[in-house]
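Work through the exercises below with the sequence and the model at hand. Each task is followed by a stepwise solution.

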Amino acid sequence: MNTTVLSVNLNKVATVRNTRHLGIPSLTRAATLCLQAGANGITVHPRPDERHIRGSDVPELARLLQAWPDREYNIEGNPFHNLMDVVGSLVAQKLPVHQVTFVPDGQGQFTSDHGWSFPQDAQRLKPLIEQAHAWGVRVSLFMDAETASMAAAKAVGANRVELYTEPYAAAWGTPEVAAQLARFASAAQAALAAGLGVNAGHDLNRDNLTVFLNQVPGVSEVSIGHALIADALELGYEATIKDYLRCIAQAEQLHMVG
Ligand SMILES: CC(=O)[C@@H](O)[C@H](O)COP(=O)(O)O
Ligand SMILES: NCC(=O)COP(=O)(O)O
C-alpha cells in the first residue's frame with residue numbers, strides 16, 4: 001500500500017479536446033480509465049481563460065467522482081480569480097471537492113511557475129482559506145521549496161503545501177540535482193515539523209519521481225499531468241497509471257531496505 005497517492009491532472013486531455021468541437025478525447029472517459037487503473041484522484045486547473053479545463057468540466061468530473069468515494073478531487077487555481085466561484089458552485093450543488101490548491105498564477109499565465117510569498121500574501125489568503133474550510137474543503141498552498149516559508153503557510157491556516165517541483169525536474173540529469181533534492185527535503189521537513197501535509201507537483205515524470213519520493217520525506221500526494229498524459233498517448237492510460245504507481249511503490253521499497 002503506497003503512502004503517497006497519485007492524482008492525475010487532466011488539463012492536457014482538455015487541451016486536445018478543445019481543438020475541435022467534437023468532445024473527444026472525453027475528460028470523463030479519461031478520468032474513468034485512470035481511476036480504474038488505480039489512480040487515487042483527479043486534479044484539474046480551470047484557468048480563467050478556459051484554455052483547457054472549462055467551467056462545465058468541473059461539475060461533470062465531480063459527478064463522476066461521486067461514484068468513486070475513496071478517491072479525491074483536487075481543484076487548482078488562483079482564489080483571487082475564478083477558483084472560489086468554481087468551488088462554491090460545487091459545494092452548493094453538494095458535489096464532491098476534497099482539496100483546493102491555491103496557486104498564485106496571473107491571468108493567462110503560460111503555466112504555474114512560482115508559489116505564494118510570505119508575509120506579503122498572508123492577510124489576503126487567510127479569509128479565503130477560512131471560506132474553503134467552512135465548505136469542508138482541505139487547502140493546499142502552492143509553494144516554492146523554501147524552508148523559511150513553511151511555518152508561515154501553517155500560520156495562515158493551510159492544511160498542506162504543494163511543493164513546486166519544476167526546479168527539481170529541470171535539474172534532473174545534471175550535477176545540480178543533489179542540491180535540489182536537499183532543498184526539497186529540507187522544505188518538506190520544515191512543513192512536516194510545522195504540522196502541514198506535503199504535496200508535490202509540476203513536471204514530475206517516470207524518470208524523476210522515484211528518486212524524489214525516496215529523498216523527500218512525507219509526501220502525501222503527487223499531482224502529475226503533462227508527462228503522464230504524454231506517456232498515456234504512447235502506452236495507454238492503464239499501463240501509464242500502473243507505471244507511475246510502480247515508481248511510487250519503488251520509492252517506498254527503497255525506504256524499507258535503506
Ligand atoms: C499548479 C501546477 O503546477 C499545475 O496546475 C500546472 O501548472 C499545470 O497547469 P497547466 O496544465 O495549465 O500548465
Ligand atoms: N499540481 C501539479 C499538477 O497538477 C500537474 O503538473 P504537471 O505534471 O502538468 O507539470
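The exercises deal with annotated positions, a strand and its partners, and two ligand shells.

The model is predicted, so local features need pLDDT of at least 70 and side-chain atom pairs count only at pLDDT 80 or more, while totals for chains, interfaces and linings use all residues. Residues are numbered from 1 along each chain as its sequence is written, and chains are lettered from A and ligands numbered from 1 in the order in which they are written.

**Exercise 1.** Find which residues UniProt lists for "binding site", and state how they are arranged in space.

Step 1. The unreviewed UniProt entry lists Arg 47, His 52 and Thr 111 under this heading. UniProt positions follow the numbering used here, feature names are shortened, and annotations may be inferred rather than shown by experiment.

Step 2. These residues spread over 65 residues of sequence, yet they cluster in space, with a largest C-alpha distance of 11.7 Å.

**Exercise 2.** Place Arg 47 in the secondary structure and decide whether Arg 47 is buried or exposed. Do likewise for His 52.

Step 1. Helices (H or I, at least four residues) and strands (E, at least two) are DSSP runs, numbered from the N terminus. Arg 47 lies in the loop between strand E2 (41-44) and helix H3 (57-65); His 52 is in the loop between E2 and H3.

Step 2. A residue is buried if 20 or more other C-beta atoms, placed from the backbone, lie within 10 Å of its own, exposed if 12 or fewer, and partly exposed in between. Arg 47 has 24 such atoms and is therefore buried. His 52 is buried because it has 22.

Step 3. Leaving out residues up to four places away in sequence, His 52 touches Asn 11, Lys 12, Ala 14, Thr 15 and Asn 18. Contact here means C-beta atoms, placed from the backbone, within 7 Å.

**Exercise 3.** Which strands are joined to E1 by bridges?

Step 1. Two strands pair if DSSP finds at least two bridges between them.

Step 2. Four bridges join E1 to strand E8 (residues 219-224), and the two run parallel; Val 5 has Glu 221 as its bridge partner in E8.

Step 3. Three bridges join E1 to E2, again parallel, with Ser 7 opposite Gly 41 in E2.

Step 4. Four of the five residues of E1 (residues 5-9) are buried, so this strand is largely enclosed by the rest of the structure.

**Exercise 4.** Which residues are closest to ligand 2?

Step 1. A residue is near a molecule if its C-beta atom, placed from the backbone, lies within 6 Å of it.

Step 2. Of the 13 residues surrounding ligand 2, the closest are Asn 9, Gly 201, Ser 223, Gly 225 and His 226. E8 and helix H10 (226-235) each supply at least two residues of this shell.

Conventions
Contact = placed C-beta atoms within 7 Å.
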